[in-house]
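Work through the following exercises with the sequence and the 3D view side by side, and try each task before reading its solution.

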Amino acid sequence: MFPVSPNYGSGCPCFPTPCAQAVLGSTSTPVPCPALPACVPPGVLPLSRRPPAWGRAARQPPGLPLALARAFSNNKILVELDESSGVATMKFKSPPVNSLSLDFLTEFCISLEKLENNRACRGVILTSAIPKIFSSGLDITEMCGKSTEHYAEFWRAVQEMWLRVYGCNMVMIAAVNGSSPAGGCLIALSCDYRIMVDNPKFSIGLNETQLGIVAPFWFKDTFVNVVGQRIAERSLQLGALHPAPEALKLGVVDELVPEEKLQERAAAVMAQWLALPDHARQITKSMMRKTVLDRLISHREEDIQHFISFTSKESIQKSLRMYMEMLRKKSG
Ligand SMILES: CCCCCCC/C=C/C(=O)SCCNC(=O)CCNC(=O)[C@H](O)C(C)(C)COP(=O)(O)OP(=O)(O)OC[C@H]1O[C@@H](n2cnc3c(N)ncnc32)[C@H](O)[C@@H]1OP(=O)(O)O
């Protein structure tokens, strides 16, 4: 049995039976329960239930071989954890373009949750194992010609991915080593810091309007929080994909580095961020992001219904099919 939060007490709505959020280390509930605000200190991130890792030893089941705790490889994402630094790398390796399919998203969330539950891990670097592509964004084939049930499952997985990354207690750094349109850009924007390879052939942005679709409000909120209202408004309407130097100028990414220096630089930035006590940094992060996270959490089902009805429209299906056709012609 896990211990309860030190803040847990008679003031909590779930008292005297601690809810999943009040129990430290429990991972059984993917979304926060209504008791959350009373069960954790004000401002603590709503999604991540792990206690601050700062100063704590790794929690590893006795008898588990160390190698297992350090690395796990799945189909589409390679995860490596360096326990001495507390830094994990999640490398996307889903050819040809790291598109965010339902399988990819599911694996992503499971991998991140595993790291969150490992107290040896304090920071995660997201990067790609596919040359020239960070991620091509949502897998368009998941949005074409499928059932209503499939759209609901897919969109819930997209929401889950964003809630987990944007609400993550750990330091998240995007090492963007290739093009990163739409959903790929969202992943990077949801991190705490973005380093991109200094190559004008690589671009990043929320290009949804170019596909004839509209970025959801939480994509927009995340973008506004990074670049500000004016830049986001112009960039979103135009569906702009910004080449790396322009992305730096607009603040979409924080710095550019030569490709061969990317991982080294990401590790150095991570070390700077990890030099701070986790609890102070985490509470500050939560303070900055809570409103935006809460907006989706409280409108999650509505957002799914909106996605289903929007995606099911024949005009939207036509736009997506034409876009896929254009991609195929370009590649073939
Ligand atoms: C109310 C809610 C409304 C809905 C909101 C939905 C929000 C949507 C967010 C999104 O993320 S939509 C996806 C946006 N993504 C893109 O526009 C990227 C499209 N792809 C590209 O621009 C290029 O592929 C690339 C990433 C720059 C890579 O170029 P490269 O020349 O290296 O590869 P290609 O030959 O173009 O592609 C190879 C292969 O992969 C297929 N493909 C590419 N992107 C996707 C994708 N996002 N989903 C599915 N498939 C993709 C492409 O068609 C090629 O397939 P084949 O022709 O080889 O079969």
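**Exercise 1. The nonpolar core**

Task: In this predicted model, find which residues of the largest nonpolar core touch the most other members, and state which helix gives the largest share of this core.

Solution: The largest nonpolar core has 74 residues, and within this core Ile 173, Val 176 and Met 196 are the ones that touch the most other members. The largest share of this core, 10 residues, is supplied by helix α4, which covers residues 148–166. As general background, nonpolar side chains in soluble globular proteins tend to be buried together. Turning to the surroundings of Ile 173, and setting aside neighbours within four places in sequence, we find contacts that include Gly 123, Ile 125, Tyr 193, Ile 195 and Val 269.

**Exercise 2. A strand and its two partners**

Task: Decide whether strand β6 is largely enclosed or not by the rest of the structure, and then describe how β6 pairs with β4 and with β8.

Solution: Begin with burial, for which a residue needs 20 or more other C-beta atoms within 10 Å of its own. In strand β6, residues 171–176, 6 of the 6 residues are buried, so this strand is largely enclosed by the rest of the structure. Next, consider the directions: Val 171, Ile 173 and Ala 175 point one way from β6, whereas Met 172, Ala 174 and Val 176 point the other way, and all of them are buried. In a regular strand the side chains alternate between the two faces of the sheet.

Now take the partners one at a time. Strand β4, residues 123–128, pairs with β6 in the parallel sense over 4 bridges, and Gly 123 has Val 171 of β6 as its bridge partner. Strand β8, residues 193–197, also runs parallel to β6 and is joined to β6 by 4 bridges, with Ala 174 having Arg 194 of β8 as its bridge partner.

**Exercise 3. An open sheet and one of its residues**

Task: Give the order of the strands in the open sheet of 4 strands, and then explain why Ile 204 counts as buried.

Solution: The order is β5-β7-β9-β10, and the pairing in this open sheet is mixed. The edge strands are β5 (132–133) and β10 (242–243), each of which pairs on one side only. Strands β9 and β10 run antiparallel and are joined by 2 bridges, and Ser 203 stands opposite Pro 243 in β10.

Ile 204 belongs to strand β9, residues 203–205. Because 29 other C-beta atoms lie within 10 Å, Ile 204 is buried. Beyond residues up to four places away in sequence, Ile 204 touches several residues, among them Val 176, Met 196, Leu 241 and His 242.

**Exercise 4. The ligand and a buried loop residue**

Task: Work out which helix supplies the largest share of the shell around the ligand, and say whether Asp 139 is buried or exposed.

Solution: The ligand is surrounded by 30 residues, and the closest are Gly 137, Leu 138, Ala 182, Gly 183 and Ser 331. By type, the shell divides into 16 nonpolar, 10 polar and 4 charged residues. At least two residues of the shell come from each of β7 (178–181), α11 (300–312) and α12 (314–331), and the largest share, 5 residues, comes from α12.

Asp 139 is placed in the loop between β5 and α4. Asp 139 counts as buried because this residue has 21 C-beta neighbours inside 10 Å. Apart from neighbours within four places in sequence, the contacts of Asp 139 are Ser 99, Leu 100 and Ser 101.

Note on methods
Residues numbered from 1 in each chain as written. Predicted model: local features only at pLDDT ≥ 70, side-chain atom pairs only at ≥ 80, totals over all residues. Near = placed C-beta within 6 Å. Nonpolar A, V, L, I, M, F, W, Y, C, P; charged D, E, K, R; others polar. Buried ≥ 20, exposed ≤ 12 C-beta atoms within 10 Å, placed from the backbone. Contact = placed C-beta atoms within 7 Å. Pairing = 2+ DSSP bridges. Core = buried A, V, L, I, M, F, W, Y, C linked by C-beta atoms within 7 Å.
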